[in-house]
Amino acid sequence: MRNIFNYIDRPSPIHRLTGATKLVCLLLWSFAAMSTYDTRLLVFLTLLSFVLFYVSKIRVRDVSFLLSFMAVFMVLNNVLIFVFAPQHGVTLYGTSHPIFSLGGNYVVTKEQLFYHLNLVLKYFATIPIVLLFVCTTNPSEFAASLNRIGVKYTIAYSVSLALRYIPDIQKEYHEISQAQQARGIEMSRKQNLIKRLKSASAILIPLILSSMDRIEVISNAMELRGFGKEKKRTWYMERPFAPADFVAMALCALFLAASIALNIANGGRFWNPFVS
Amino acid sequence: MDEPIIAFHDFGFQYNAQAEPTLHHIDLEIRKGEKVLIVGPSGCGKSTLAHCMNGLIPFSYRGESTGSVTVRGKETKALNLFEISRTVGTVLQDSDGQFIGLTVAEDIAFALENNCVRDPELHARVDKAAQAVGIESHLRHAPGELSGGQKQRVALAGVMVDDVDLLLFDEPLANLDPATGKSAMELIDEIHTRTGAAIVIIEHRLEDVLHRDVDRIVLMCAGRILADLPPDALLSSDLLRDNGIREPLYLTALRYAGVTVTPEMLPHSIRTVRLTEKEKGMVQSWFHSMPPHAVEETRPLLLDAQHVTFSYANGHRALEDVSVYVRKGELIAIVGTNGAGKSTFSKVVCGFEKEQEGRIEFTGCDWGTLSLKERADHVGYVMQNPNQMLSKPMIFDEVALGLRTRGVAEEEIKTRVEDTLRVCGLWPFRKWPVSALSYGQKKRVTIASILVLEPEMIILDEPTAGQDYRHYTEIMEFLRKLNRDGITVVMITHDMHLMLEYAERSVVFSDGHVIANDTSAGVLTDPDVIARANLKETSLYDLALACGIAEPREFVQRFIDHEREVARA
């Protein structure tokens, strides 16, 4: 993996949206999905996110690594909740419909299962959108997008610089570690923790020192070319908003509004089907 | 007459952190359309002078200044860094480090973006600058996909977008192979003619810069300007040699032959230099008076790599059926362009990477079963930048590191480290912290930290990169001394002087293959190999032809042999 962005360039309507639009949509969509446990809205967002994922022409195998990582996280999250709070659903929904018992406090209830269902739906509603953002946003557009939503350009640019230097630093880390291993520094897991920390310092110290040299060069180069002179700057990779961008942002804003409205109508974050 | 773009009048400068001034009584003017070369040994103040031109002094590096320095008639102190950068565009030495954008186009656009230039002007000006340096077909490429020469073109385009009046190049040849360096000088010359911008080049590789004409050469030493002369006048004086600057090799050869170099001879380039029949005769008789090159007896094989093939995980085939041998006690060079496979080959030998096919033998034993650490007891690897290897604050501990990880008793470590420090000339510094050392001394510490493991052979990646002639000579004479003491030395390089002067033999890589294995004089007089490996033929070859010598290769060889004699004396 070269960097956190896994940009896959394929022609699709999602790719054509500007980076700023996608960033705004991601934020609105995530807030919408995170703020409510209303199953009806979550099911709708999940289905829509699957459709969008299909439209983007990103294939599941392109993101299989990230998907399996998130799947593990989701399962772990659910298991831990059940282990530590098996009756959380009962507390939330106020009724108890036991199905079977695992002994002690561990009674599986309909309420608990329903709570877990909502939790899983939240993952399903958000993960495809996060992946879409990561895979369809050109990293070059990212800093410009941050700047557009109000982040100061000096800060936004540091994100871009990090993306620029991550591959170089990875390469340098690899080279330093090879040269140090030849001097007898053991990097294997066989060593105990203290020895491994010492070994790590034999690689990290040279890496930090040579990165400091890099920083001096880059900051001189940036200043010599006028970085920080004006309060604003333009971005080569920035594109003007098209009608589709406004439509996408409006729809996502609508979802957030719906989420908030449902929370108010439900009298809380939870939609309760057990009392009707 | 135009007002000068930059003018120094009785200017002096002292950094806040230093006890002595770095520049004294500088008087220098650069006018529109001029092309000026500034040369001088390391520490002479030429980089400081460059910082004063582009505004890094006084705005990024603090210090006390005296006298005046003006840009377009205004004192730099009264301007700011950004205003100066609209007039003076700087291309820094490290064309990789100054690459700011994620892609070529963004990097070129950087200055325009900071000036809030909007589309469509923004895209149009980027396209124009990219075309001016011939990089327009790579606009979407990331820095990792470009060669050193291409990165330099991007850096140049990045300052040219602003239509500056003066282009300042800080050591433009430092990271380029000889052929790319040659085309870089041609590109600078072309831009000079086309845009009429003044050009200032700071570089110590005089002969390579003079591949294209310059108007004046400014010679600096110890913070002062010693000479500000047209090239022909400077080259026919003794000033360069007396101040640690290497003169062009053909002039050294002429001097050996007893020819007096005069400005009328037009000595600034091997293409222009005019010799009378009498002078040609002097070169010929010098050639015949030199002893023929003695062929050394064949020594036993140390490393023998046969038919090695290696591909990286991404499928890139870096080595294809490569066979290389190294004899005991040799000092050889492995040369070739970036990506030709020379670094990969050394990684395979050290065990950093595992060959897919082929066999490597070391002193006759199969090398395949040995681990990286076991191989390191026989072959040491020294990285290009010493900062990439130094991890301990004290010199002693740094050198002792490899022994400590091998569990050697502390008593023995002490004697072995001390012996190594003596051999490496670091004995006076044994109690010093590493951070107090100069770059060249740090390089020695890294070599010492490898030598202490008592390897039979050491591989050095670009041992002299970024060093001026004096430090270069210091490092190389040190390696030659180690070599005479019995250590086999393999250098990965694209420095032709280094090949020619120090390596008995050169192995040339191109595109994953070995395309030549010959004496360095042989390689550098073979037009086919030179073209394929991005080398440049040595001017000695042209001099031999110009003087009607039928065996130019032998001429080059005898010149080198003589140089070594002179160096030893």
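**Notes on chain B: a strand pair, a covered helix and a four-stranded sheet**

1. Starting with the parallel pair: strands β16 and β17 (residues 457-461) of chain B run parallel and are joined by four bridges. If you want one register point to check, B:Tyr381 has B:Ile459 of β17(B) as its bridge partner. Keep in mind throughout that this is a predicted model.

2. Staying with β16(B), which covers residues 379-382, B:Val379 and B:Tyr381 point one way, while B:Gly380 and B:Val382 point the other way. That fits the textbook picture, since side chains in a regular strand alternate between the two faces of the sheet. Buried or exposed, on either side of β16(B)? All four of these residues are buried.

3. Next, helix α1 of chain B, residues 46-54. The helix is mostly covered, with eight of its nine residues buried. The buried set isn't just hydrophobic names on a list: B:Lys46, B:Thr48, B:His51 and B:Asn54 are among them, along with B:Leu49, B:Ala50, B:Cys52 and B:Met53. Right after α1(B) comes B:Gly55, with a positive phi near 95°.

4. Now the open sheet in chain B. Its four strands are ordered β12-β11-β14-β15, and the pairing is antiparallel. Strands β12 (317-327) and β15 (365-366) of chain B are the edges; each has a single partner strand, so one side of each lacks a neighbour in the sheet.

5. Helix α13 (residues 342-350) of chain B packs on this sheet, where it touches β11 (301-311), β12 and β14 of chain B. The direction of α13(B) makes about 65° with that of β12(B).

6. Which strands does β11(B) pair with? Seven bridges link β11(B) to β12(B) in the antiparallel sense, and five join β11(B) to β14(B), also antiparallel. For the register, B:Val308 is the bridge partner of B:Val322 in β12(B), and B:Ala305 sits opposite B:Ile360 in β14(B). As for burial, β11(B) is mostly covered: eight of its eleven residues are buried.

7. The hairpin of β11(B) and β12(B) has five residues between its strands, and B:Gly315 there takes a positive phi near 95°.

8. Finally, the other end of the sheet. Strand β14 (residues 357-362) of chain B pairs with β15(B) over two bridges, in the antiparallel sense. Here B:Glu361 stands opposite B:Asp366 of β15(B), so to speak two acidic names facing each other across the strands.

Terms used. Residues are numbered from 1 along each chain as its sequence is written. Chains are lettered from A and ligands numbered from 1 in the order in which they are written. This is a predicted model: local features need pLDDT of at least 70, side-chain atom pairs count only at pLDDT 80 or more; totals for chains, interfaces and linings use all residues. Side-chain values use heavy atoms; hydrogens and water are left out. Buried means under 20% relative accessible area, exposed over 50%, partly exposed in between (1.4 Å probe, protein chains only). Two strands pair if DSSP finds at least two bridges between them. Contact means heavy atoms within 4.5 Å. Axes are lines fitted to C-alpha atoms, for helices over the stretch in contact, and angles run from 0 to 180 degrees between N-to-C directions.
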